[in-house]
Amino acid sequence: MSERQTTDVVVLGGGAAGMMCALTAAGQGRQVRVLERSNKLGKKILMSGGGRCNFTNLHVEPEHFLSENTHFVKSALMRYPAHSFISLVESYGIEFEERKHGQLFCVHSAKEILAMLEAECLALGVQFQTHCELSQLDALPPGPTSPERFVLRYTQQGQPIQVQCQSVVVATGALSIPTLGGSDQGYQLAEQFGIKLVPRRAGLVPFMLTGELKDFCIALAGVSMPVTAHCGSQVFAEDMLFTHRGLSGPVILQISSYWFPGDTLTLDVCPALDLSDWLVTRKRQKPSQTVVSALAEVLPRSFVDQFLGIYYPKFISVKCAALRDQQLAQLGQNLNQWQIKPAATEGYRTAEVTLGGVSTDALSSKTLEARGQPGLFFIGEVVDVSGHLGGYNFQWAWASGFCAGQVA
Ligand SMILES: Cc1cc2nc3c(=O)[nH]c(=O)nc-3n(C[C@H](O)[C@H](O)[C@H](O)COP(=O)(O)OP(=O)(O)OC[C@H]3O[C@@H](n4cnc5c(N)ncnc54)[C@H](O)[C@@H]3O)c2cc1C
């Protein structure tokens with residue numbers, strides 16, 4: 001026999017968006033229960049930003065988000081801007097620092113952000129339940145007297161529980177990193193209520209290469225260099241890291257969100273210089289210098305060795321003077337526009353986000369409430385909104401959680 005209970009709001013998922021929604025709704029005087037499937041709240045917060053949580057960004061603009069509807073984020077980001085979260089962080093005396101591109105990180109630990117959210121929730125009477133498995137969510141037929149619109153059946157550590165509520169907020173996150181709670185239950189619930197899903201794929205994720213390019217990366221594993229990466233019309237300038245599987249580093253994670261299987265990446269491995277001009281000039285200035293040592297002045301030596309080894313083996317011990325201007329210009333151009341075709345991404349196993357998800361067409365941009373189902377909300381990463389690297393994903397979680405929490 002399951003115990004029957006009532007509450008105003010049930011939030012499914014105790015991650016970043018769920019906790020922000022819970023504390024906002026509780027702040028409006030609502031009785032809120034958060035159901036978390038795993039043994040702990042906010043696991044991704046703890047892992048984020050290398051344990052320092054890049055919790056927002058000083059330059060939050062809609063251009064930093066991917067969605068089928070690029071205007072959708074505007075309302076929530078205006079209603080809960082970065083400085084609102086920064087004020088909350090400051091009110092807890094949490095030390096933070098600005099790193100490059102306006103990224104804000106905790107100075108000490110991501111644990112402080114999680115502790116702050118938990119403290120806010122608990123002070124406002126939010127009820128947390130971990131180890132919860134949702135069995136069923138049903139909409140109740142509208143009744144003349146009862147305000148409850150949903151009934152949820154779930155188990156907590158095997159114990160069946162039934163709760164009726166006015167609002168259900170789906171904050172179950174997405175598919176990335178299953179060990180940190182990634183789940184597809186939010187999508188299943190959307191489908192159950194006839195809500196369209198935008199196809200999902202891994203974003204902010206390293207690339208895997210095959211064949212000689214993989215060997216190239218293995219030989220350079222650990223080497224990092226500034227590059228400009230282009231894919232289609234999108235371009236990012238940041239550091240790239242060679243790994244034992246392929247390519248990673250901030251620039252690769254950023255461009256991966258715009259990459260589709262079969263696409264070619266163009267990497268400028270020396271964005272500060274036009275290497276065609278530079279090599280031809282170098283030949284005039286230092287004709288007896290080898291091509292390798294000339295290039296090693298502006299690129300990591302190990303990269304130059306590998307690049308020439310695979311694409312220009314005949315140039316390896318050749319002096320600049322021994323090559324025609326046109327050959328040097330071609331080599332320079334190939335370095336400024338190195339074209340590679342990744343075999344695949346590393347997928348959800350290591351992706352920071354899931355692109356796609358619950359279609360924004362089905363949701364109010366002001367409240368995140370499902371248009372056809374009053375009282376049902378979708379927030380955070382489960383929605384078809386994903387941010388660039390740099391604190392944008394948490395800002396979306398805070399902003400969407402806040403907007404839903406105000407009316408749930
Ligand atoms: C390694 C890593 C580092 C990251 N670093 C950053 C960063 O520094 N800055 C940044 O902006 N973004 C970062 N991100 C992205 C950011 O963590 C996510 O965008 C954000 O956590 C999404 O918030 P959410 O609440 O929607 O989902 P989540 O934080 O994933 O929370 C969802 C919660 O729902 C629970 N859940 C799932 N299914 C159910 C269910 N059926 N019933 C009940 N509970 C359920 C999960 O266990 C989880 O606790 C990082 C991501 C990863 C993986």
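Me: Which domains does the domain assignment give for the protein chain?
Reply: In this predicted model, the assignment splits the protein chain into two parts, one of them written as two segments. Residues 3-201 + 354-407 form domain 1, and residues 207-345 form domain 2. The answer is therefore domain 1 (3-201 + 354-407) and domain 2 (207-345), bounds that come from an automatic or database domain assignment.

Me: How many residues of domain 1 are in contact with domain 2?
Reply: The C-alpha centres of domain 1 and domain 2 lie 41 Å apart. Contact involves four residues of domain 2. On the side of domain 1 that touches domain 2, three residues are nonpolar, two are polar and none is charged. The number from domain 1 is five.

Me: What share of the residues in the protein chain is buried?
Reply: The protein chain has 13 helices and 21 strands, and its C-alpha atoms fill a box of roughly 90 × 40 × 35 Å along the principal axes. A residue counts as buried if 20 or more other C-beta atoms lie within 10 Å of its own. Of the 408 residues in the protein chain, the buried share is 46%.

Me: Which element gives the largest share of the shell around the ligand?
Reply: The ligand is surrounded by 38 residues, with Gly13, Gly15, Gly173, Gly181 and Gly380 the closest. Two or more residues each come from helix 1 (16-27), helix 2 (43-47), strand 8 (132-139) and helix 13 (392-407). The largest share is four residues, and the element that gives it is helix 13.

Technical notes:
Residues are numbered from 1 along each chain as its sequence is written. This is a predicted model: local features need pLDDT of at least 70, side-chain atom pairs count only at pLDDT 80 or more; totals for chains, interfaces and linings use all residues. A residue is near a molecule or strand if its C-beta atom, placed from the backbone, lies within 6 Å of it. A residue is buried if 20 or more other C-beta atoms lie within 10 Å of its own, exposed if 12 or fewer, and partly exposed in between; C-beta atoms are placed from the backbone. Two residues are in contact if their C-beta atoms, placed from the backbone, lie within 7 Å. Ala, Val, Leu, Ile, Met, Phe, Trp, Tyr, Cys and Pro count as nonpolar, Asp, Glu, Lys and Arg as charged, and the others, Gly among them, as polar.
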